[in-house]
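Colleague: Could we take a close look at one part of this model, and then work outwards from there? I would like a careful account that a first-year student can follow.

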Amino acid sequence: MVNAGRAAARQTPPQQFIFFGGKGGVGKTTCSVAAARELTKSRQRVLIVSTDPAHSLGDALKHKLSSKVKRVAGLDAVELDADGALTRWIARHKRGLETIAEHGTYLDSDDIAQLLRLSLPGVDELMGLVELRRLASSKPYTRVVVDTAPTGHTLRLLAMPETLSRIAEIFNDMQAKHRFLAESLGGTYRADSGDAVISELAMEGRELFDTLRDSERARFHWVLLPEALPLEETRDAVAALHEEAIAISDFIVNRVRAAPRGHCSKCSPKVRAEAEVLRQVRKDFSSVRVIPELLPAPVRSAAPKRRATPRHPLEVIAPETCRLLMFAGKGGVGKTTCAASAALLLAERHKRRKILLLSTDPAHSLSDALDLKLSDEERALPGFPALRTREVDAAALFRARRERYIDAIDELFDSLQGGSNLDATYDRAVARDLIDLSPPGLDEIFGILSISDALVPGAGAPTADQVIVDTAPTGHALRLLEMPGKALEWVHTLLAILLKYRKVTGLGRLAPDLLELARQMRQFLDLLRDPQQTCLVAVTRAAELPRLETARLLQSVARMKIPVSGVLVNAVASGECARCRRVAAMEEREIRALAPGHAKVLAPEAAPPPRGIKELLHWGKTWEIR
Amino acid sequence: MILIDSLIIGGIKFCFDKIATAVDKEMNDDTALREELMAAQMRLELGEITEQEFREVEDQVLAQLREIRERQMATQEDVEEGELRITGAEVTFEGDETGHARAEDIVEHAEDIVEHGERRPRRR
């Protein structure tokens with residue numbers, strides 16, 4: 001009996017995580033579902049998990065999913081809820097966390113409870129892997145298929161095991177003082193609930209780190225489209241993963257178009273361009289799989305209603321009073337191209353207007369779209385002296401402020417811990433560790449600060465009349481928009497704590513800084529909710545999954561009271577071959593069903609997509625209002 | 001015996017010194033006042049006090065800052081007799097609509113007034 005059990009255990013293959021990564025909109029979800037279905041055929045027990053905060057797994061499986069595992073057609077499927085996971089994690093470790101905070105700071109239990117209730121920026125990345133592991137071990141799954149968020153945030157997610165280990169170190173430093181005191185006074189030290197949290201975190205970090213680097217236990221598939229921009233992003237991502245010692249097992253080139261019968265003004269050049277990209281992919285990477293484009297089932301659709309209108313769509317999506325114009329939407333729908341085009345068109349119409357075109361997506365593609373070398377330093381575009389552009393580099397901004405933060409945190413800890421000689425060595429260790437750990441959510445924090453600094457600076461006049469933002473894909477764009485409110489909550493909590501201990505510690509330099517930040521965030525929130533000044537444009541494609549995600553994006557944005565000026569449907573088919581006609585009929589049906597009540601702007605498909613200032617300007621002039 | 005004497009005398013001296021420092025701080029140190037103003041501003045931000053209550057604190061702190069300055073100038077005059085004496089200063093600031101921006105300006109400018117007495121001096 002025992003032997004039989006052992007034999008079965010030996011036969012059971014070890015659990016393997018299969019990650020699908022890639023730029024937004026390349027078909028990660030569809031590939032994940034296809035792979036998971038295939039695995040169930042070979043008697044694997046499969047769990048499929050989506051870690052993108054803007055989930056589309058439910059749409060692909062045609063079932064409503066939640067953070068609870070649900071059985072769908074022989075698969076277990078779940079959409080990860082990072083906020084819920086963090087709340088549960090904190091509840092489970094409440095005693096330990098309180099012990100650490102009580103030992104490591106002068107805060108009382110009320111303050112600590114207040115701090116633990118605040119939501120964290122970057123929670124999706126911080127909790128993603130921890131929650132993934134919890135779900136994976138809830139049943140004896142042999143394969144766990146992971147549908148990840150678009151590139152930038154997936155890279156952050158994969159770096160999280162180190163962050164967990166660092167957090168464990170910081171907690172450990174906070175406990176060190178208490179251990180030292182207990183040993184000096186009582187002679188022996190017995191581990192408490194705080195130490196239990198520390199060792200659990202350290203273990204979790206170590207195991208996740210090892211798992212990701214073990215090809216038996218984790219495999220990475222990279223999905224990309226046969227286009228120049230995704231190829232550049234793939235090269236960057238592969239290099240970043242290589243640095244982390246994570247290897248990609250294969251590359252999936254999705255939606256490769258078949259050559260048209262006869263000539264088509266759209267398909268023929270596209271097929272040629274794709275062949276060139278495929279040649280490069282095969283040259284750069286080994287193990288490449290090609291998946292042909294699946295055409296929609298033929299549908300009958302009435303001819304599109306064309307309405308001649310003298311107005312350019314920009315007058316609808318970015319009226320005269322608009323100071324903040326944001327392009328948001330699912331990954332890969334063409335936010336960057338649309339944002340860059342709109343910025344160039346606006347700059348051409350308003351020569352003196354100081355416009356800042358800003359990318360807040362950690363996987364920037366603005367440089368590639370404009371065909372210019374951009375960085376975190378603002379630079380003017382050739383021929384447009386008043387149009388400046390910049391790709392926010394959160395990590396670099398954080399590094400630049402490191403010294404200042406060390407001082408501020410040192411000061412905070414000095415004051416909260418009383419600053420006696422005994423404390424000093426431990427405090428310093430805690431402060432340094434805190435700064436060495438690049439906290440999660442940096443991209444959203446510096447993204448929002450960069451926008452608000454340009455429009456509602458703390459001192460002096462605004463540096464830009466208008467800011468145009470190319471945001472990260474939906475899930476993280478929403479996190480960015482939540483940021484001012486969250487920042488204000490944090491600042492208020494810290495202000496309340498400083499006030500409470502003011503008689504003991506004084507207010508220090510932190511108080512004016514915090515007040516300044518609160519004032520800036522409040523002004524920015526006002527601007528963000530003012531329909532005169534803020535215009536969000538939801539960029540989408542005329543297809544089912546993007547339409548469903550756009551509906552959810554519009555709902556979320558409405559809840560946050562952020563004004564939407566229109567929906568931009570990108571890459572609308574306009575070729576004349578049989579394939580293009582079939583696609584156009586399907587698209588027409590989708591456009592009709594899309595976002596009722598919102599102004600719609602259609603941007604035609606360009607093959608290959610516009611690149612560089614001249615092409616972007618030309619393409620922007622072909623947009624029309626529906 | 002000598003030891004006890006010196007302890008008692010030393011102790012008393014220590015106490016008097018402490019009291020003198022505390023009184024001096026209360027009467028002549030503007031750091032505490034500036035903190036008071038900053039704290040009021042923080043309470044306003046947290047919604048613990050109203051705009052009106054904040055204005056009252058602000059006026060009070062400004063008046064006290066002026067007093068400190070007067071006292072300091074008086075001391076200075078005792079030393080340098082015959083010099084021009086400035087006993088008051090009036091400052092106006094343009095604040096934003098919410099009025100939040102003002103307090104910090106006031107703190108900054110008040111510092112100048114206290115230290116140099118050179119902002120729009122007016123003879124009383």
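Where in chain A does Asp371(A) lie?

Modeller: Asp371(A) lies in the loop between helix H15 (366-370) and strand E11 (379-381) of chain A, where helices (H or I, at least four residues) and strands (E, at least two) are DSSP runs numbered from the N terminus. This is a predicted model, in which local features need pLDDT of at least 70 and side-chain atom pairs count only at pLDDT 80 or more, while totals for chains, interfaces and linings use all residues. Residues are numbered from 1 along each chain as its sequence is written, chains are lettered from A and ligands numbered from 1 in the order in which they are written, and side-chain values use heavy atoms, with hydrogens and water left out.

Asp371(A) has a phi near 60 degrees, a positive value in a residue other than glycine. Most residues other than glycine have a negative phi. With a relative accessible area of 51%, Asp371(A) counts as exposed, since the terms are buried for under 20%, exposed for over 50% and partly exposed in between (1.4 Å probe, protein chains only). Ala245(A) also has a positive phi, of about 65 degrees, although it is not a glycine, and its place is in the loop between helix H11 (228-243) and strand E7 (250-256) of chain A. At 52% relative accessibility, Ala245(A) is exposed.

Some helices of chain A give other values. Leu181(A), in helix H9 (residues 160-186), is partly exposed at 34% relative accessibility, and its C-alpha atom is separated by 53 Å from that of Leu374(A), which is 193 residues away along the chain. Thr493(A), in helix H20 (residues 474-500) of chain A, is buried, with a relative accessible area of 7%. Leaving out residues up to four places away in sequence, Thr493(A) is in contact (heavy atoms within 4.5 Å) with Gln114(A), Leu115(A) and Leu118(A). Helix H8 (residues 151-158) of chain A has 6 of its 8 residues buried, so it is largely enclosed by the rest of the structure; among those buried residues are His153(A) and Leu157(A).

We can now turn to the interior. The largest nonpolar core, meaning a set of buried Ala, Val, Leu, Ile, Met, Phe, Trp, Tyr and Cys residues joined through side-chain atoms within 4.5 Å, has 58 residues, and those with the most contacts inside it include Ile451(A), Phe524(A) and Met42(B). Apart from neighbours within four places in sequence, the contacts of Ile451(A) include Leu324(A), Val467(A) and Phe524(A). A second, separate core of 55 residues includes Met160(A) and Ile248(A).

Finally, there is the interface of the chains, where 14 residues of chain B are in contact with 18 residues of chain A. The count of salt bridges between them is 2, a salt bridge being a side-chain nitrogen of Lys or Arg within 4 Å of a carboxyl oxygen of Asp or Glu. The side chains of Arg522(A) and Glu45(B) form a salt bridge at 2.4 Å, N to O. On the side of chain B that touches chain A, the elements giving two or more residues are helix H2 (30-46) and helix H4 (100-116) of chain B, and H2(B) gives the most, with 9 residues.
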